[in-house]
Amino acid sequence: MLLVPPLQENNRIPYYIQLYDYFKKEIISGTLPAGAHLPSVRNLAAQVHTSTTPVELAYQQLLAEGFIVSKPRSGYYVQQVYLISGVRPPQEQSPLPARPITARDSRSYAYDFHISRNDFSVFPHKIWRSLYQEQLSNPDLLQYGDPQGEPALRGSLAVHLRQFRGLQCTAEQIVIGGDQYTLCSLAALLLQGRTSRLAIEDPGYHLLPATFKRHGFEILPIPLQEDGLDVAKLCSSGASAAYISPSHQFPRGMAMPVTERLALLEWARASGGCIIEDDYDGEFRYHGRPIPALQGLQEDSPVIYMCSAAQSVAPALCIHYMVLPKAMLPGYHRLKNELYLEHSASRLNQIALHYFIGRGYLAKHLRRMRLLYQRKHDLLLQAIHTHFGEQASVSGQGAGFHILLTLRSGGSARQLAELAGAAGIRVTPMSYTWWNRAGSDEPEFIIGFGGIAEEFIEEGIRRLAEIWQSYM
């Protein structure tokens, strides 16, 4: 019989998290081997003397992260957690064609399914204004600041990331920047001399690989499988750095299971390489707990973790950050001194955000935002099911701020997007996210739900289905 320690009744940690943490440790350590049959929900609930709800929640979180699998009419089984060792020699790569980009569009749309807009209807304006005004009376904050970022904010972020994203880091490992490009450039400079090849997800987000390419790196697109980056192809690519978004891949939306995450970490250690983890929306998962970041899966992991306050608070703050492996800190400080780096993010915003985090406002704000975005997410899925039916499929749901809508019939994505735009509906073809398929025009669309008002979602999707009816 599987032995499960008694739940700690006086612990502030909910029962389902205690159960989840226990099984996660047992699986990673190998105590629970691959193929082990877990107790049924009812049996385990009886064994630990609780209701079935905590057990169901714990199993669902383990299932979402890939620690276990569910077999119909059989139950839950431990998934194989394996490591991939050995790296094959480099292969010749063909030149990359020019890639399309999405131009900024300042037009106003009646139904705006923008892929990166926020909803500020519940933003705590009074609290933020009060925190910001507190800093205006401090003349020291008008001086130059720490180029690595304000120490107070780095300390608050370290606590927040450990608590909410499962990172293993200290304030000394965090570097704050005013935009993504600044941090991407620093990461590229830090990796120069160690590697000249960067593997990326294809399709994926292009800002970081485009920055690395400008710094002289060869970009190696790696295809996606159903559960994320193809690690076997990564191992044979000859790259010793990889850029991934494992908790909610952009744009496909899948979450990489733990077996593949561990394989990535083993690849990095075996090759002496580095993983760049983009956790752009990791705090926003709508059913179950957010999936912990890859960086915290092993101590001193060779991972550069990248995120920002753009989605969790507001993009106008211009506060982005990365967490460096401890081994890279001496290189960063040499670079900082050599280039006479200065702070690139507003000190006033940094200190205001520090207090916003430290006084508990961010945690409260995130809870409210998750509920708001979950309602929009669910409304969007229901509207697509109602008005598109079997004529379209949806993927990437359950997290983040967009879903991927694929029409089952043919048609040009560009033409369909133009038709929608002419009718006041903004949708974005997915084709621009390919790195080496510049001519792709498949009818796949990134449908954002973050910025559109709840009352416009259903009507916008209904009109979109009507407009596209002759193409489906």
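This report covers the sheet, the nonpolar cores and the salt bridges of a predicted model.

**Sheet and flanking helices**

Eight strands form an open sheet with mixed pairing, in the order β4-β11-β10-β9-β8-β5-β6-β7. The edge positions are taken by β4 (174-177) and β7 (228-229); each has a single partner strand, so one side of each lacks a neighbour in the sheet. Strand β6 (residues 218-225) runs antiparallel to β7, and 2 bridges join them. In one of these strands, β7, L229 is the bridge partner of L224.

Two helices pack against this sheet. Helix α9 (residues 258-271) touches β7, β8 (241-244), β9 (274-278) and β10, and its direction makes about 140° with that of β9. Helix α5 (residues 151-165) lies across β4, β10 (303-308) and β11 (320-323), running at about 110° to β4.

**Nonpolar cores**

The largest nonpolar core has 59 residues. Within this core, the residues with the most contacts are V313, L353, L380, F388, V427, F445 and W468. Helix α12 (residues 361-388) is the largest contributor, giving 9 residues. A second core, separate from the largest one, has 44 residues, including L229, V231, M256 and I275.

Leaving out residues up to four places away in sequence, F445 touches I403, L404, L405, L407, A413, L416, A417, V427, T428, P429, M430 and W468.

**Salt bridges**

The model has 15 salt bridges. Three of them are listed here.

| Pair | Closest N to O distance |
|---|---|
| K376 and D119 | 2.4 Å |
| R154 and D146 | 3.3 Å |
| E459 and R462 | 2.5 Å |

K376 and D119 are both buried. K376 belongs to helix α12, whereas D119 sits in the loop between β3 (111-112) and α4 (125-136), so their salt bridge ties together parts that are 257 residues apart in sequence.

In the pair of R154 and D146, the two side chains fall into separate classes of burial. R154 has a relative accessible area of 7% and is therefore buried, the limit being under 20%. D146, at 25% relative accessibility, counts as partly exposed.

E459 and R462 lie in helix α14 (residues 454-467), 3 residues apart, which is about one turn of the helix. E459 is partly exposed, with a relative accessible area of 21%, and R462 is partly exposed at 26%. Salt bridges with shared partners join E459, R462, R463 and E466 into one network.

Note on methods:
Residues are numbered from 1 along each chain as its sequence is written. This is a predicted model: local features need pLDDT of at least 70, side-chain atom pairs count only at pLDDT 80 or more; totals for chains, interfaces and linings use all residues. Side-chain values use heavy atoms; hydrogens and water are left out. A nonpolar core is a set of buried Ala, Val, Leu, Ile, Met, Phe, Trp, Tyr and Cys residues joined through side-chain atoms within 4.5 Å. Buried means under 20% relative accessible area, exposed over 50%, partly exposed in between (1.4 Å probe, protein chains only). Helices (H or I, at least four residues) and strands (E, at least two) are DSSP runs, numbered from the N terminus. Contact means heavy atoms within 4.5 Å. Two strands pair if DSSP finds at least two bridges between them. Axes are lines fitted to C-alpha atoms, for helices over the stretch in contact, and angles run from 0 to 180 degrees between N-to-C directions. A salt bridge is a side-chain nitrogen of Lys or Arg within 4 Å of a carboxyl oxygen of Asp or Glu.
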